[in-house]
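Colleague: Could you pick one small part of this model and take me through it closely? After that, I'd like to know how it fits into the rest.

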2 protein chains.
Amino acid sequence: MRATIYGGPGDITLGERPDPQIRQPTDAVVRVVLGCVCGSDLWYYRGESPHALGPIGHEFIGVVEETGAEVRGVKRGTLVIAPFTFCDGTCSNCAAGWPSNCLNGGSFGNHGVDGGQGEAVRVPFADATLVPVPGSGHSDETLASLVTLSDVMCTGHHAAVSAGVKDGDSVAVVGDGAVGLCAVIAAKRLGAERIIALSRNPARQALAREFGATDILAERGDEATAKILDMTGGIGVEAALECVGTGQSMATAFSIARVGSIVGAIGAPHDVQVPIDTVIFRNIGLRGGVSPVRRYIPELLPDVLEHKINPGRVFDYATSLDGIVDAYTAMNERRAVKSLIRIGTAN
Amino acid sequence: MRATIYGGPGDITLGERPDPQIRQPTDAVVRVVLGCVCGSDLWYYRGESPHALGPIGHEFIGVVEETGAEVRGVKRGTLVIAPFTFCDGTCSNCAAGWPSNCLNGGSFGNHGVDGGQGEAVRVPFADATLVPVPGSGHSDETLASLVTLSDVMCTGHHAAVSAGVKDGDSVAVVGDGAVGLCAVIAAKRLGAERIIALSRNPARQALAREFGATDILAERGDEATAKILDMTGGIGVEAALECVGTGQSMATAFSIARVGSIVGAIGAPHDVQVPIDTVIFRNIGLRGGVSPVRRYIPELLPDVLEHKINPGRVFDYATSLDGIVDAYTAMNERRAVKSLIRIGTAN
């Protein structure tokens with residue numbers, strides 16, 4: 001089959017991989033319909049985080065092609081969402097609600113399984129991992145939103161949930177990448193009244209407004225802090241969502257969070273210091289991390305199917321597997337917020 | 001009046017201060033019954049944290065001597081607990097439940113007010129700050145427990161509340177100082193089933209057991225981590241309470257916290273790095289800080305009066321104002337867990 005291959009920093013190619021086969025009775029083989037490129041794939045692409053050489057891509061939806069003897073929850077022909085990690089559903093972390101930290105899990109495009117940027121994937125623990133999508137004949141728009149539930153929409157949701165966003169809150173979202181934009185959707189969905197999005201890119205600003213941002217700030221760093229404190233009567237926001245993962249973004253998030261609030265952080269950290277004095281002397285907590293996607297999908301899926309939220313709008317670039325190289329470079333050069341890869345058909 | 005005076009690192013003396021007077025109609029003057037020495041006073045004593053030269057001591061109970069014209073909630077003769085900070089009760093932080101971060105507040109023995117290690121204190125915002133103690137004729141044992149509600153018991157409680165300790169949890173308490181011991185009380189009170197106290201001091205170990213610790217570990221650092229992981233099936237504890245404030249104690253707390261849990265931290269930080277990779281990749285949160293004591297006292301006070309909890313047992317050294325120098329040195333040399341200062345009479 002055809003699949004995207006990571007050959008090291010800057011080296012993405014369309015190559016060949018053996019067709020995946022059922023190995024365990026709990027496996028399913030899924031034919032990929034849509035994949036996409038994640039912000040974290042860019043860290044690998046840039047050589048700023050390590051990734052095994054070989055298949056890549058951890059976000060996809062697809063159609064079940066074959067199932068192992070013990071698989072009960074999905075069958076050949078079922079349209080499914082794959083969380084970006086597979087999980088056994090039974091270990092102590094899964095049982096506690098943290099499937100992305102499954103003791104026997106791993107992420108797609110890694111840990112011996114194929115990636116979502118290829119034609120097919122063997123999915124371990126299929127019953128625990130995959131979420132069947134009800135209905136049929138979904139529009140391209142719906143399908144694009146469904147693939148965001150693999151990671152980016154659930155990750156934005158995790159930032160908002162971790163920060164405890166609730167009805168009537170003022171929220172600031174630091175980061176205008178796809179996850180930051182999804183965090184805007186999540187904050188609005190959880191009832192935030194005021195949502196301040198930090199962005200200096202006109203297209204992303206427009207999308208943030210469409211998703212529910214009430215205020216857009218082009219300022220960064222100390223200037224952004226001063227502006228937000230000014231906008232909030234000197235108090236800061238009830239929830240600051242850190243959706244970048246750099247030292248500056250974390251510092252900004254803590255500087256605009258009001259006393260007693262929680263910074264919800266989901267950015268993979270690169271040279272980040274947590275301002276411990278702010279934690280202790282202003283009682284500002286820090287929560288977040290790798291999103292427990294498998295737990296969140298059932299909660300968010302109905303809203304996608306009813307078009308209450310349209311996270312697929314983060315895709316402003318689409319191509320086929322043949323265009324995979326430019327799918328990466330478009331994001332790397334910030335020509336695209338997020339690249340969709342159309343691989344197979346859902347129906 | 002007589003009062004303890006901080007003259008710089010290593011310089012604690014019993015000196016003279018003018019008798020405090022009502023300055024604002026919302027003030028009360030309180031005659032101190034019991035004061036004590038806090039672990040944070042030792043940071044000043046050792047020159048490791050700054051403190052204004054002059055009166056010192058932020059924990060006390062006392063009897064109201066005089067009230068300003070607008071004070072309604074307490075009157076001459078009322079036995080009161082003073083939280084370690086005064087607060088106006090109306091600012092946005094107070095309204096949100098964070099009185100120790102009051103925008104118009106400050107701590108006793110600082111910010112222009114006398115300290116609790118002296119004969120009397122002018123208390124700003126008396127109605128918002130002071131908590132009257134019901135009943136009369138309280139025993140010395142009860143009075144000692146009441147003064148812990150000024151800070152140390154409420155601070156241990158804050159560690160447990162911040163970590164989200166709930167019924168049936170396994171909890172580890174890092175730190176066997178008075179706050180760590182009070183955190184043991186708090187964890188038990190909130191329903192923790194297993195409480196692992198880290199201590200290598202026999203007297204503190206015994207007190208931890210008396211307060212509810214089910215396991216005592218003398219190990220530190222990596223050895224403590226290995227032991228606790230072993231005790232918890234490799235998973236870690238549901239709540240790790242960081243009650244020291246050093247780099248090692250924070251590292252230990254994060255290393256023993258299970259995926260998805262929260263480190264409850266209340267130690268004033270000295271050279272602390274938060275392991276951000278653990279936060280993000282194991283979804284371990286960090287909450288805590290300066291305890292909102294004024295909010296917690298009404299919740300804990302009945303338990304003290306009914307002797308359900310006996311935090312006053314942390315005092316293993318007692319003296320009068322004349323013995324203030326040794327009250328500090330006993331704690332500094334770890335001869336004492338916490339020093340009680342008997343200053344006046346309650347009845």
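Modeller: Let's start with B:G164, which sits in the loop between α5 (152–162) and β11 (170–174) of chain B. Those labels come from DSSP runs numbered from the N terminus: helices are H or I runs of at least four residues, and strands are E runs of at least two. Keep in mind that this is a predicted model, where local features need pLDDT of at least 70, side-chain atom pairs count only at pLDDT 80 or more, and totals for chains, interfaces and linings use all residues. As for the labels, residues are numbered from 1 along each chain as its sequence is written, while chains are lettered from A and ligands numbered from 1 in the order in which they are written.

Is B:G164 buried or exposed? Neither, quite: B:G164 has 15 C-beta neighbours inside 10 Å, so it counts as partly exposed. The rule, with C-beta atoms placed from the backbone, is that 20 or more others within 10 Å make a residue buried, 12 or fewer make it exposed, and anything in between is partly exposed. Leaving out residues up to four places away in sequence, B:G164 touches B:A239 and B:I262. Touching, or being in contact, means that the two C-beta atoms, placed from the backbone, lie within 7 Å. B:G164 and B:R258 are 94 residues apart in sequence, yet 13 Å apart in space, C-alpha to C-alpha.

For a contrast, try B:I61 in strand β5 (residues 60–67) of chain B. B:I61 is buried, because 29 other C-beta atoms lie within 10 Å. Its contacts, again skipping residues up to four places away in sequence, include B:V33, B:L79, B:I81 and B:L146.

What about the nonpolar interior? The largest nonpolar core has 243 residues, and A:V173, A:L241, B:V173 and B:L241 have the most contacts inside it. Such a core is a set of buried Ala, Val, Leu, Ile, Met, Phe, Trp, Tyr and Cys residues joined through C-beta atoms within 7 Å. Not counting residues up to four places away in sequence, B:V173 touches several residues, among them B:G180, B:I195, B:L241 and B:C243.

Now zoom out to the partner chain. In chain B, 27 residues are in contact with 27 residues of chain A. On that side of chain B, α2 (92–95), β15 (257–265), α10 (276–282) and β16 (285–288) each supply at least two residues, and α10(B) gives the most, with 6. The residues there divide into 15 nonpolar, 9 polar and 3 charged. Here Ala, Val, Leu, Ile, Met, Phe, Trp, Tyr, Cys and Pro count as nonpolar, Asp, Glu, Lys and Arg as charged, and the others, Gly among them, as polar.

How do the copies relate? A turn of 180° and a shift of 0.0 Å along the axis lay chain B on chain A with an RMSD of 0.0 Å, which is the relation of a two-fold axis. The C-alpha of B:L286 is the one in chain B nearest the axis, 2.6 Å from it. The superposition is by least squares on C-alpha atoms of residues with pLDDT of at least 70 in both copies. And 100% of the interface residues of chain B are also interface residues in chain A, so the copies meet through the same surface.

Finally, confidence: the predictor gives the complex an ipTM of 0.96 and a pTM of 0.96.
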